[in-house]
Amino acid sequence: MQLAPSKLRRRLEDDRDEHNELRMDMIHTESYFNFVKMHLLSHFSDHIRQCGNIPIYSTEFGELAHKGQIKDGWRGVNNQEVERQILHSYGRLYAIRMRLLHLNSLRRRGANLGDDILGYLDKTPSTVSTPAPCGMILKCRRDDVSDVLDFCKVLGISLDRIGLELIRYSRHNLPTERRLPE
Amino acid sequence: MAFPETDVYDIYRARCTGTHRFRNQQSRNDWVCVQASSEQMYGALRGCLPAKLVALFKITDCSQDTVRWLAGVQILSPVNSGRPSDIHSLVTVQLREDARDFTLVDLGSILGLAHVIPEGDWCWLVNSRINLRTFNEIY
(Lines give C-alpha, C1' and ligand atoms only; values in the text may rest on other atoms or scores of the structure.)
Protein backbone atom coordinates (compact mmCIF):
# COMPACT_ATOMS: atom_id res chain seq x y z
CA MET A 1 0.00 0.00 0.00
CA GLN A 2 1.40 3.35 -1.00
CA LEU A 3 1.27 6.10 1.63
CA ALA A 4 0.56 9.72 0.97
CA PRO A 5 3.70 11.92 1.11
CA SER A 6 2.54 13.72 4.27
CA LYS A 7 1.87 10.45 6.07
CA LEU A 8 5.16 9.02 4.87
CA ARG A 9 7.02 12.10 6.17
CA ARG A 10 5.29 11.86 9.55
CA ARG A 11 6.11 8.19 9.85
CA LEU A 12 9.75 8.84 8.94
CA GLU A 13 9.92 11.58 11.58
CA ASP A 14 8.41 9.24 14.15
CA ASP A 15 10.92 6.58 13.25
CA ARG A 16 13.75 9.07 13.55
CA ASP A 17 12.54 10.27 16.96
CA GLU A 18 12.21 6.72 18.15
CA HIS A 19 15.68 5.92 16.86
CA ASN A 20 17.12 8.97 18.61
CA GLU A 21 15.48 8.04 21.90
CA LEU A 22 16.81 4.54 21.60
CA ARG A 23 20.29 5.86 20.89
CA MET A 24 20.19 8.24 23.87
CA ASP A 25 19.01 5.41 26.11
CA MET A 26 21.93 3.30 24.99
CA ILE A 27 24.37 6.15 25.61
CA HIS A 28 22.97 6.80 29.07
CA THR A 29 22.94 3.17 30.08
CA GLU A 30 26.37 2.25 28.73
CA SER A 31 28.39 5.38 29.42
CA TYR A 32 28.52 8.25 31.84
CA PHE A 33 30.36 11.54 32.11
CA ASN A 34 30.19 11.99 35.82
CA PHE A 35 33.88 12.49 36.50
CA VAL A 36 35.94 15.43 37.63
CA LYS A 37 37.45 16.42 34.31
CA MET A 38 34.06 16.79 32.68
CA HIS A 39 32.59 18.55 35.69
CA LEU A 40 35.36 21.14 35.72
CA LEU A 41 34.44 22.18 32.19
CA SER A 42 31.18 23.58 33.51
CA HIS A 43 33.12 26.04 35.71
CA PHE A 44 35.60 27.26 33.14
CA SER A 45 33.42 29.85 31.44
CA ASP A 46 32.41 31.53 34.71
CA HIS A 47 35.95 31.48 35.95
CA ILE A 48 37.31 33.09 32.79
CA ARG A 49 34.58 35.75 32.84
CA GLN A 50 35.41 36.62 36.46
CA CYS A 51 39.18 36.41 36.46
CA GLY A 52 40.29 36.56 32.85
CA ASN A 53 42.13 33.84 31.05
CA ILE A 54 45.72 32.82 31.64
CA PRO A 55 47.12 32.71 28.13
CA ILE A 56 50.70 32.42 29.33
CA TYR A 57 50.16 29.27 31.31
CA SER A 58 49.83 25.87 29.82
CA THR A 59 47.87 22.90 31.04
CA GLU A 60 50.87 20.62 30.96
CA PHE A 61 51.08 20.26 34.72
CA GLY A 62 48.38 17.67 34.71
CA GLU A 63 50.08 15.76 31.93
CA LEU A 64 53.39 15.88 33.75
CA ALA A 65 51.84 14.78 37.02
CA HIS A 66 50.16 11.92 35.22
CA LYS A 67 53.55 10.66 34.06
CA GLY A 68 55.61 11.34 37.19
CA GLN A 69 53.08 10.39 39.82
CA ILE A 70 50.72 7.90 38.23
CA LYS A 71 52.59 6.04 35.47
CA ASP A 72 55.89 5.74 37.31
CA GLY A 73 54.01 4.69 40.42
CA TRP A 74 51.97 2.16 38.47
CA ARG A 75 55.11 0.32 37.36
CA GLY A 76 55.97 -0.50 40.95
CA VAL A 77 52.65 -1.96 42.09
CA ASN A 78 51.51 -5.56 42.22
CA ASN A 79 47.93 -4.89 41.08
CA GLN A 80 46.59 -5.11 44.60
CA GLU A 81 45.09 -1.89 46.00
CA VAL A 82 46.68 0.05 43.19
CA GLU A 83 45.60 3.54 44.24
CA ARG A 84 46.89 3.17 47.76
CA GLN A 85 50.24 1.79 46.57
CA ILE A 86 50.72 4.59 44.04
CA LEU A 87 49.98 7.23 46.66
CA HIS A 88 52.30 5.59 49.17
CA SER A 89 55.04 5.25 46.59
CA TYR A 90 54.93 8.91 45.57
CA GLY A 91 54.65 10.07 49.18
CA ARG A 92 57.61 7.94 50.18
CA LEU A 93 59.81 9.20 47.33
CA TYR A 94 58.83 12.77 48.12
CA ALA A 95 59.62 12.32 51.80
CA ILE A 96 63.03 10.83 50.97
CA ARG A 97 63.82 13.74 48.67
CA MET A 98 62.84 16.24 51.38
CA ARG A 99 64.94 14.34 53.92
CA LEU A 100 67.97 14.42 51.62
CA LEU A 101 67.50 18.14 51.06
CA HIS A 102 67.41 18.70 54.83
CA LEU A 103 70.54 16.62 55.35
CA ASN A 104 72.39 18.43 52.57
CA SER A 105 71.33 21.75 54.07
CA LEU A 106 72.55 20.70 57.52
CA ARG A 107 75.81 19.53 56.01
CA ARG A 108 76.38 22.87 54.32
CA ARG A 109 75.84 24.62 57.64
CA GLY A 110 78.45 22.44 59.26
CA ALA A 111 76.19 20.23 61.37
CA ASN A 112 77.75 17.20 62.96
CA LEU A 113 76.39 14.31 60.90
CA GLY A 114 77.50 10.73 61.25
CA ASP A 115 80.04 9.23 58.88
CA ASP A 116 77.49 6.78 57.53
CA ILE A 117 75.14 9.62 56.63
CA LEU A 118 77.92 11.62 55.01
CA GLY A 119 78.99 8.60 53.04
CA TYR A 120 75.46 8.00 51.89
CA LEU A 121 75.07 11.65 50.86
CA ASP A 122 78.30 11.44 48.84
CA LYS A 123 77.05 8.39 47.01
CA THR A 124 73.58 9.78 46.38
CA PRO A 125 73.20 12.07 43.39
CA SER A 126 72.17 15.56 44.37
CA THR A 127 68.45 16.07 44.72
CA VAL A 128 68.83 19.60 43.47
CA SER A 129 69.81 19.64 39.85
CA THR A 130 71.87 22.51 38.60
CA PRO A 131 69.91 25.01 36.56
CA ALA A 132 70.26 24.74 32.84
CA PRO A 133 72.56 27.33 31.33
CA CYS A 134 70.70 30.52 30.79
CA GLY A 135 69.65 30.71 27.18
CA MET A 136 67.93 34.03 26.98
CA ILE A 137 67.13 34.93 23.44
CA LEU A 138 65.40 38.08 22.44
CA LYS A 139 63.26 37.23 19.48
CA CYS A 140 61.43 39.50 17.09
CA ARG A 141 63.87 42.31 17.48
CA ARG A 142 62.59 45.55 16.12
CA ASP A 143 64.27 46.94 13.07
CA ASP A 144 63.02 50.45 13.64
CA VAL A 145 65.10 50.91 16.81
CA SER A 146 68.73 51.72 16.18
CA ASP A 147 69.56 54.10 19.02
CA VAL A 148 68.20 55.40 22.29
CA LEU A 149 66.19 58.14 20.59
CA ASP A 150 64.29 55.55 18.55
CA PHE A 151 63.87 53.55 21.72
CA CYS A 152 62.25 56.51 23.48
CA LYS A 153 60.03 57.19 20.52
CA VAL A 154 58.79 53.61 20.31
CA LEU A 155 58.06 53.39 24.03
CA GLY A 156 56.58 56.86 24.29
CA ILE A 157 58.86 57.69 27.20
CA SER A 158 60.95 60.84 27.39
CA LEU A 159 64.71 60.71 26.91
CA ASP A 160 65.18 62.29 30.36
CA ARG A 161 63.23 59.50 31.97
CA ILE A 162 65.30 56.83 30.25
CA GLY A 163 68.52 58.65 31.07
CA LEU A 164 67.64 58.95 34.75
CA GLU A 165 66.73 55.30 34.87
CA LEU A 166 69.99 54.26 33.22
CA ILE A 167 71.93 56.35 35.77
CA ARG A 168 69.99 54.79 38.64
CA TYR A 169 70.58 51.32 37.24
CA SER A 170 74.31 51.92 36.83
CA ARG A 171 74.61 53.18 40.41
CA HIS A 172 72.99 50.03 41.76
CA ASN A 173 74.46 47.40 39.47
CA LEU A 174 77.78 48.50 38.01
CA PRO A 175 81.19 48.86 39.64
CA THR A 176 82.19 52.37 40.63
CA GLU A 177 84.45 53.02 37.64
CA ARG A 178 81.74 52.00 35.21
CA ARG A 179 78.91 54.07 36.64
CA LEU A 180 77.31 56.75 34.54
CA PRO A 181 77.90 60.34 35.66
CA GLU A 182 75.03 62.23 37.27
CA MET B 1 61.72 24.77 38.72
CA ALA B 2 58.49 22.81 38.93
CA PHE B 3 57.40 22.47 42.53
CA PRO B 4 57.70 19.95 44.21
CA GLU B 5 59.88 18.22 41.62
CA THR B 6 63.58 18.89 41.94
CA ASP B 7 64.68 17.99 38.45
CA VAL B 8 61.89 19.30 36.27
CA TYR B 9 61.73 22.76 34.80
CA ASP B 10 58.71 24.60 33.53
CA ILE B 11 59.49 26.91 30.66
CA TYR B 12 57.26 29.91 30.11
CA ARG B 13 57.72 32.58 27.52
CA ALA B 14 57.36 36.14 28.63
CA ARG B 15 56.16 38.18 25.72
CA CYS B 16 56.59 41.89 25.34
CA THR B 17 55.58 43.38 22.04
CA GLY B 18 55.72 46.99 23.23
CA THR B 19 53.35 48.96 21.08
CA HIS B 20 53.32 46.34 18.32
CA ARG B 21 50.26 44.21 17.80
CA PHE B 22 50.50 40.53 18.74
CA ARG B 23 49.07 38.13 16.16
CA ASN B 24 46.80 40.83 14.80
CA GLN B 25 45.36 41.42 18.24
CA GLN B 26 46.19 44.13 20.73
CA SER B 27 49.75 44.48 21.97
CA ARG B 28 50.86 42.02 24.60
CA ASN B 29 52.99 42.99 27.56
CA ASP B 30 52.98 40.16 30.08
CA TRP B 31 52.95 40.50 33.84
CA VAL B 32 56.04 39.15 35.56
CA CYS B 33 57.31 38.72 39.11
CA VAL B 34 60.35 40.86 39.87
CA GLN B 35 62.61 40.28 42.86
CA ALA B 36 62.49 43.89 43.99
CA SER B 37 63.81 43.54 47.51
CA SER B 38 64.81 41.08 50.21
CA GLU B 39 62.48 38.29 51.32
CA GLN B 40 61.55 40.15 54.49
CA MET B 41 59.79 42.87 52.52
CA TYR B 42 56.25 43.08 51.15
CA GLY B 43 54.63 40.53 53.46
CA ALA B 44 53.35 37.45 51.68
CA LEU B 45 54.97 38.50 48.42
CA ARG B 46 58.37 38.03 50.07
CA GLY B 47 60.29 40.65 48.14
CA CYS B 48 58.66 39.92 44.78
CA LEU B 49 56.43 42.44 43.11
CA PRO B 50 54.29 42.01 40.02
CA ALA B 51 55.37 44.21 37.17
CA LYS B 52 54.30 44.80 33.62
CA LEU B 53 56.90 44.30 30.93
CA VAL B 54 57.39 47.44 28.90
CA ALA B 55 60.54 46.59 26.98
CA LEU B 56 63.16 43.88 26.70
CA PHE B 57 66.54 44.92 25.42
CA LYS B 58 70.27 44.54 25.85
CA ILE B 59 73.07 47.02 26.31
CA THR B 60 76.52 46.28 24.98
CA ASP B 61 79.55 47.76 26.71
CA CYS B 62 81.92 47.92 23.76
CA SER B 63 84.97 48.81 25.85
CA GLN B 64 84.65 45.71 27.99
CA ASP B 65 82.87 43.59 25.43
CA THR B 66 80.12 42.73 27.87
CA VAL B 67 76.41 42.54 27.30
CA ARG B 68 73.72 43.29 29.87
CA TRP B 69 70.21 41.97 29.41
CA LEU B 70 67.70 44.44 30.78
CA ALA B 71 63.97 44.79 31.09
CA GLY B 72 61.96 47.95 31.38
CA VAL B 73 59.07 47.30 33.72
CA GLN B 74 56.25 49.09 35.45
CA ILE B 75 56.30 47.85 39.02
CA LEU B 76 53.15 47.68 41.16
CA SER B 77 53.12 48.43 44.89
CA PRO B 78 51.60 46.13 47.52
CA VAL B 79 48.52 47.28 49.39
CA ASN B 80 48.35 46.72 53.14
CA SER B 81 52.05 45.81 53.25
CA GLY B 82 51.43 42.72 51.16
CA ARG B 83 49.14 41.10 53.70
CA PRO B 84 46.60 38.71 52.14
CA SER B 85 42.98 39.76 52.42
CA ASP B 86 40.84 37.98 55.02
CA ILE B 87 38.07 37.58 52.45
CA HIS B 88 39.77 35.99 49.49
CA SER B 89 43.29 35.42 50.90
CA LEU B 90 44.89 37.15 47.94
CA VAL B 91 47.33 40.05 48.01
CA THR B 92 46.23 43.31 46.42
CA VAL B 93 48.67 45.46 44.49
CA GLN B 94 48.18 48.89 43.01
CA LEU B 95 49.78 51.29 40.59
CA ARG B 96 50.48 54.37 42.62
CA GLU B 97 50.28 57.75 40.95
CA ASP B 98 53.78 58.64 42.03
CA ALA B 99 55.20 55.32 40.83
CA ARG B 100 57.80 55.35 38.12
CA ASP B 101 56.34 54.37 34.78
CA PHE B 102 59.60 52.85 33.65
CA THR B 103 62.07 51.01 35.85
CA LEU B 104 65.13 49.21 34.59
CA VAL B 105 65.87 45.82 36.09
CA ASP B 106 68.23 43.00 35.24
CA LEU B 107 66.60 40.24 33.28
CA GLY B 108 67.83 37.83 35.95
CA SER B 109 65.71 39.53 38.62
CA ILE B 110 62.56 38.44 36.78
CA LEU B 111 61.53 35.27 38.58
CA GLY B 112 58.68 34.18 36.38
CA LEU B 113 55.33 35.11 35.03
CA ALA B 114 52.58 36.53 37.20
CA HIS B 115 48.82 36.51 36.87
CA VAL B 116 47.00 39.52 38.22
CA ILE B 117 43.25 40.05 38.25
CA PRO B 118 41.96 43.60 37.79
CA GLU B 119 40.06 44.89 40.79
CA GLY B 120 38.87 48.47 40.69
CA ASP B 121 40.91 51.42 39.51
CA TRP B 122 44.59 50.70 39.22
CA CYS B 123 44.30 47.78 41.63
CA TRP B 124 44.94 44.13 40.95
CA LEU B 125 44.76 40.88 42.89
CA VAL B 126 47.81 38.66 42.70
CA ASN B 127 46.59 35.21 41.73
CA SER B 128 48.60 32.69 43.73
CA ARG B 129 46.69 29.67 42.41
CA ILE B 130 48.30 29.47 39.01
CA ASN B 131 50.72 26.69 39.89
CA LEU B 132 52.07 24.86 42.91
CA ARG B 133 55.25 26.89 43.10
CA THR B 134 53.42 30.19 43.30
CA PHE B 135 50.91 28.70 45.72
CA ASN B 136 53.79 27.57 47.91
CA GLU B 137 55.58 30.91 47.84
CA ILE B 138 52.71 33.38 48.17
CA TYR B 139 50.48 32.70 51.11
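Helices and strands are taken here as DSSP runs of at least four residues (H or I) and at least two residues (E), respectively, numbered from the N terminus. On this basis, the elements of chain B in the predicted model follow the order β-β-β-β-β-β-β-β-β-α from the N terminus on. Chain B thus comprises nine strands and one helix. Of its 139 residues, 31% are buried. Among the contacts in chain B with a separation of 6 or more, 49% are formed by residues 24 or more positions apart.

The pairing of S2(B) with S3(B) is antiparallel and involves ten bridges. Within S3(B), Arg68(B) is the residue that stands opposite Ile59(B). The two strands form a hairpin with four residues between them, in which Asp65(B) adopts a positive phi near 55 degrees. S3(B) also pairs with S6(B), again in the antiparallel sense, through four bridges. In that pairing, Leu104(B) of S6(B) lies opposite Gly72(B). In general, strands of a sheet pair through backbone hydrogen bonds, in either a parallel or an antiparallel arrangement.

An open sheet of four strands is also present in chain B, with the order S4-S5-S9-S8 and antiparallel pairing. Its edges are formed by strand S4 (77-78) and strand S8 (116-118) of chain B, each of which pairs on one side only. At one of these edges, S8(B) is joined to S9(B) by three bridges, and the two strands run antiparallel. Val116(B) is positioned opposite Val126(B) of S9(B).

The largest nonpolar core contains 32 residues, and those with the most contacts inside it are Val32(B), Val34(B), Leu49(B), Val73(B) and Val126(B). Two or more residues are given to this core by each of the following elements of chain B: strand S1 (31-35), strand S2 (48-61), strand S3 (66-75), strand S5 (91-94), strand S6 (103-106), strand S7 (110-113) and strand S9 (123-126). S2(B) provides the largest share, with seven residues. Nonpolar side chains tend to be buried together in soluble globular proteins.

Val126(B) links the description of the core with that of the open sheet, as a residue with many contacts inside the former and as the partner opposite Val116(B) in the latter. When its neighbours within four places in sequence are left aside, Val126(B) is in contact with Pro50(B), Leu90(B), Val91(B), Val93(B), Ala114(B), Val116(B) and Ile138(B).

Definitions and conventions: Residues numbered from 1 in each chain as written. Chains lettered and ligands numbered in written order. Predicted model: local features only at pLDDT ≥ 70, side-chain atom pairs only at ≥ 80, totals over all residues. Core = buried A, V, L, I, M, F, W, Y, C linked by C-beta atoms within 7 Å. Buried ≥ 20, exposed ≤ 12 C-beta atoms within 10 Å, placed from the backbone. Contact = placed C-beta atoms within 7 Å. Pairing = 2+ DSSP bridges.
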